[in-house]
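Morning, everyone. Let me put the structure up, and then I'll walk you through it.

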Amino acid sequence: MQKSLQIDPNKCTGCLQCEMACSWENYRSFTIAKSRIKVFSFHHEGRFVPYTCTQCDEAWCMTACPVDAIQLDPVTGAKIVLDPTCVGCKVCTIACPFGTINYVAQTGKVQKCDLCDGAPACAKACPTAAITYVDSDWTGFEKMRQWAGKTDTNPATV
Amino acid sequence: MAWTKNVLRVNLEAGTCITEPLNMAWAHDYMGQRGLGTKYLVSEIDPKVDPFSPKNKLIFVTGPLTGTMAATGGRYSVVTKGPLTGAIACSNSGGYFGAELKFAGWDMVIFEGASAKPVYLLITDGQAELVDATHLWGKTVWETEGIIKKQHQDPQIRVASIGRAGENRVLYAGIVNDLHRAAGRSGVGAVMGSKNLKAVAVRGTRTDAYQIADPEAFFAATEAGKKVLAANGVTGQGLPTYGTQVLMNVINELGALPTRNHREVQFEGAKAISGEAMHEKRPTDGKANLVTNGACFGCTIACGRISRMDPNHFSIKDKPQYKGASGGVEYEAAWALGAANGVSDLEALTYANFLCNEDGFDPISFGATVGAAMELYELGLLTKEEVGFELPFGSTEAMVRLAELTAIGEGFGKTIGLGSKRLCAKYGRPELSMTVKGQEFPAYDGRGLQGMGLAYATSNRGACHLRGYMVSPEVLGIPVKMEPQATEGKPAMLKAFQDLTAVVDSSGLCLFTTFAWGL
């Protein structure tokens, strides 16, 4: 079963545990600036929104890469940057429609979410289940269930 | 421990920024934040120094867990000699600023002297410089943060600044970071203003800022700590749902909600300004005051209130800047802006709270001072002519008007900005000021909760609920239930809480973790 990160902004509190977990996974540091998932605060709307790569099936970043440094992980479906191959040309950052692959000046390479080999650290660290890792075919399942619960087709129970 | 081992010493007179090594022996003995900052302050200033003299120093200090994944590990403190109390002022704040300072490569910033013209300190990964802030002087906290981010083309800069209250030396002006998180009490913002220091702006992206001795063990410990917070009723349920406002109805029921400048101990309007009321849909626009709860850096409790006002409320009708969501009332603010004055209009309280955040002043001291002024007015010692408008208990309009006037130091707001001790002394009734060391009592009546009364009396920064939270045993039963009105056993319990509080305030963590991790 292929799985995907599912993000529910309504549950996010902006604590940045996910950003620290991501940085920890990849840098052994809690430096949120290096996280591949970012929580955006829309202060005047009172909303926090975690955002990261959704692992497009036809990945623009992968198609655009001139040196084939972005490869498909056949198990998780993640598009993974191969650091030794990446030349830091940043063409992928132009090609990506969502801005979720980014250049890191410190390493001279690009970085993006790689789903942590199938055990995403951000989802594990999230205290409110705003980020979960679920069956890719059913990312809408919970939302569907909630709306399903609002229907009432049996007048006898009203 | 997550120490960068760097202290930034900024001389505002000479305009220099010099890095020196952190005194690790002191870091070991005094832990960090409150303990460490206080040690530096008392070692470097003359205790008799005038708080507004350039010889006073202003210290921003993090703890050993600030900027780590330890739940709530985002706190920093501001330590200085305070103008409200004449004692050591130490105010603690959350948000994201403290962690950012750590990632930029410093544990602490010490400001010395005073600048001849307005400046702000800009810190980026290992670099620090003072920048002209003439264009920011006279601006609010909210405006200042926006301008700095735009000026440096970096929306991810974290800013701690003073508003007009700090510039005008309101004696309880605070320092506000991330728009609505504040080192709020004792007037640390007024000291910052006296130094012509408008803001500290930080961007930190270093992965090598500090080293943890045993990273894997540390990570495992943070995971375990998060589980304990989630399982606890207060930190896992009460605080996320209602914030500290979970207390309003509870304390009122107990007869320990100081009302109308402590004349009474129960407020008939408590329900209308409670945490529960913030969840209810308003009849006017069908929306609730509360939009969501919000967390500080690394916090898995998320007690913060994010509120949106009724756009048609009289106080903001033609003021679009207050129609978006922002930091809503916490329990202390709801009490001070509400019960302390007899005001029960939640929307008006939210507006006054926005103003406190926007211009950087402490809602507790402000609200309590308005309450004292209302009592003076009712006794005929203050007249309508002096105030400029009528000031009876329960006047929403008067409370709102004073919130608008205080930061800018206009009209009677100038007098309100002195705090209740100086106000009541001025009108010949010092006993009407509900203060210890010149700092206003917060939201628990010391008669109804005897342990809290003792906590106020013995707090080292003036009346304060955060130096020994006896509400824990007296109301919540943590670690044991104590009879609120009894005195027996209270001194020893308070001592234990004061010690515990000193440790948590020195660690980089939030005091609210003590409900789950405490005694």
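From the N terminus on, chain A reads β-α-β-β-α-β-β-α-β-β-α-β-α. That makes five helices and eight strands. Helices here are DSSP runs of H or I with at least four residues, strands are runs of E with at least two, and both are numbered from the N terminus.

Some housekeeping. This is a predicted model, where local features need pLDDT of at least 70, side-chain atom pairs count only at pLDDT 80 or more, and totals for chains, interfaces and linings use all residues. Residues are numbered from 1 along each chain as its sequence is written, chains are lettered from A and ligands numbered from 1 in the order in which they are written, and side-chain values use heavy atoms, with hydrogens and water left out.

Chain A overall. Its C-alpha atoms fill a box of roughly 65 × 30 × 25 Å along the principal axes. Of its 158 residues, 42% are buried. Buried means under 20% relative accessible area, exposed means over 50%, and partly exposed is in between, with a 1.4 Å probe and protein chains only. The accessible surface is about 8,600 Å², and carbon and sulfur atoms hold 55% of that. Those areas come from the Shrake-Rupley method with a 1.4 Å probe; for residues, only the protein chains shown count as cover.

Now contacts, meaning heavy atoms within 4.5 Å. Take the chain A contacts with a separation of 6 or more: 52% of them link residues 24 or more positions apart.

Next, helix 1 of chain A, residues 17-27. How many of its eleven residues are buried? Eight, so the helix is mostly covered. The buried set is Gln17(A), Cys18(A), Glu19(A), Met20(A), Ala21(A), Cys22(A), Ser23(A) and Trp24(A). What covers them? From chain A, the cover includes strand 2 (38-42), helix 4 (121-125) and strand 8 (131-135). Chain B also takes part, with helix 7 (215-231). Right after helix 1 comes Arg28(A), with a positive phi near 50°.

On to strand 1 of chain A, residues 3-7. Two residues to look at. Leu5(A) sits in this strand. Its relative accessible area is 15%, so Leu5(A) counts as buried. Beyond its neighbours within four places in sequence, Leu5(A) contacts Thr52(A), Cys113(A), Leu115(A), Pro120(A), Cys122(A), Ala123(A), Ile131(A), Thr132(A) and Tyr133(A). Leu5(A) and Val134(A) are 129 residues apart along the chain, yet their C-alpha atoms are separated by 6.4 Å.

Gln6(A) is in strand 1 as well. With the same neighbours within four places set aside, Gln6(A) touches Ala130(A), Ile131(A), Thr132(A), Val134(A), Thr139(A) and Gly140(A). Now try Gln6(A) against Leu72(A): 66 residues apart along the chain, with 20 Å between the C-alpha atoms.

Let's turn to the second largest pocket. Its volume is about 890 Å³. The lining has 35 residues. Which of them lie nearest the centre? Ser41(A), Glu145(B), Lys149(B), Pro155(B) and Arg158(B). The elements giving two or more residues are strand 2 and strand 3 (47-51) of chain A, together with helix 4 (141-151) of chain B. Strand 2 of chain A gives the largest share, five residues.

For the record, the pocket terms. On a 1 Å grid over the protein atoms alone, a pocket is an open set of points where a 1.4 Å probe fits, with protein on both sides within 12 Å along at least five of seven lines; lining residues have an atom within 4 Å of a point. Grid points are joined across faces, edges and corners, and the volume is the space filled by probe spheres set on them.

Stay with Arg158(B). This residue is in strand 9 of chain B, residues 158-161. Buried or exposed? Buried, because its relative accessible area is 18%. Apart from neighbours within four places in sequence, Arg158(B) has chain A contacts with Leu16(A) and Ile32(A). Its chain B contacts include Tyr96(B), Phe97(B), Glu100(B) and Asp178(B).

Last, some backbone points in chain B. Ile478(B) and Pro479(B) are joined by a cis peptide bond, omega about 0°. Pro479(B) lies in the loop between helix 19 (471-476) and helix 20 (490-504). Met31(B) has a positive phi near 70°. Its loop runs between helix 1 (24-30) and helix 2 (33-44) of chain B. Arg169(B) has a positive phi too, near 55°. At 37% relative accessible area, Arg169(B) is partly exposed.
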